[in-house]
Amino acid sequence: MAALEITVLVCLFLVVVLIAGFTLKNGIGPTPSCRRTTDTLDNRLPETIDGVILELGCGWGGIALYLARKYPENAVVAWENSPVPWLVAYLRKVLSGQDNLSVRYGDFRRASLDHCGLIYCYLCTGQMLRLRELLLPASVNQSCQLVSSTFSVPGWTPASEYPLGDWYGSRLWVYMLSHQPSSLNALSRFSSK
Ligand SMILES: C[S@@+](CC[C@H](N)C(=O)[O-])C[C@H]1O[C@@H](n2cnc3c(N)ncnc32)[C@H](O)[C@@H]1O
């Protein structure tokens, strides 16, 4: 086998190992949202948003680009901590020339929540528990909405929920952060169930 072929195979192997390693660490892999999600977002998201739009765990960057195009007047900040999807999302942002989008590398718990108007995520239950702790109502703009695909926030009451129309009965959950209990209240409500 030629040296080039071996190098390509080793690189592919490393890419797969990196993606698998971060999937295990995060409890969720970089599965992209499907077309039904963007269709539902298109119908359900508000016309305008006051403040920064955050995407927590942007994967390959499809939804981040969608949000940046839908809201050209807003800054969109997308976080991703898995290196391979982050690199792809970053390159897609650069090639798209979408200046209102930043793709940041790292854990979304480092994200600034200042002036945040909308948060979008598609994570897993473990990450939703971390997110809930991050979103103590006191630290976030009270008009901020959280839109979560597929996974709800344990102990929080959604303002609305929309079926995505897939076989699994997945939903889009919309939360008004101002209407949620403090994290400690939410934790006790959740654990008492
Ligand atoms: C199911 S994918 C969703 C991708 C994209 N948001 C979408 O809807 O198409 C979830 C992504 O969140 C990332 N992720 C999970 N936990 C994270 C964390 N704590 N910080 C940053 N990214 C995280 C994963 O690496 C993965 O790429």
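The paragraphs below go through the annotated segments of the chain and then the surroundings of the ligand. The model is predicted.

Two stretches of the chain carry annotations from UniProt. In an unreviewed entry, UniProt assigns the feature "transmembrane region" to residues 6-24. In the model, residues 6-24 are 100% helix and 0% strand, and the C-alpha atoms at the two ends of this stretch are 27 Å apart. The other annotation, again from an unreviewed entry, is "domain: Methyltransferase small", which UniProt lists for residues 38-82. Here the chain is 36% helix and 22% strand, with 22 Å between the end C-alpha atoms.

The ligand comes next. The space that the ligand takes up is the largest pocket. Around the ligand there are 22 residues, of which S33, E55, G57, E80 and F108 come nearest. By residue class, this shell consists of nine nonpolar, ten polar and three charged residues.

Several contacts to the ligand can be described atom by atom. At S33, an N or O atom of the side chain is 2.5 Å from an oxygen atom of the ligand. G57 takes part through its backbone, with an N or O atom 2.7 Å from a nitrogen atom of the ligand. At N81, a polar side-chain atom lies 3.3 Å from a nitrogen atom of the ligand. As for the surface of the ligand, 600 Å² is exposed when the ligand is taken alone, and the protein buries 98% of that area.

Terms used:
Residues are numbered from 1 along each chain as its sequence is written. This is a predicted model: local features need pLDDT of at least 70, side-chain atom pairs count only at pLDDT 80 or more; totals for chains, interfaces and linings use all residues. Side-chain values use heavy atoms; hydrogens and water are left out. A residue is near a molecule or strand if one of its heavy atoms lies within 4 Å of it. A polar contact is a pair of N or O atoms within 3.5 Å; within protein, one must be able to donate a hydrogen and the other to accept it, and residues adjacent in sequence count only if both atoms are side-chain atoms. Accessible areas come from the Shrake-Rupley method with a 1.4 Å probe; for residues, only the protein chains shown count as cover. On a 1 Å grid over the protein atoms alone, a cavity is a set of points where a 1.4 Å probe fits but cannot get out, and a pocket is an open set with protein on both sides within 12 Å along at least five of seven lines; lining residues have an atom within 4 Å of a point. A molecule sits in a cavity or pocket if more than half of its atoms lie within 2 Å of its grid points. Ala, Val, Leu, Ile, Met, Phe, Trp, Tyr, Cys and Pro count as nonpolar, Asp, Glu, Lys and Arg as charged, and the others, Gly among them, as polar. UniProt positions are given in the numbering used here, feature names are shortened, and annotations may be inferred rather than shown by experiment. Helices (H or I, at least four residues) and strands (E, at least two) are DSSP runs, numbered from the N terminus.
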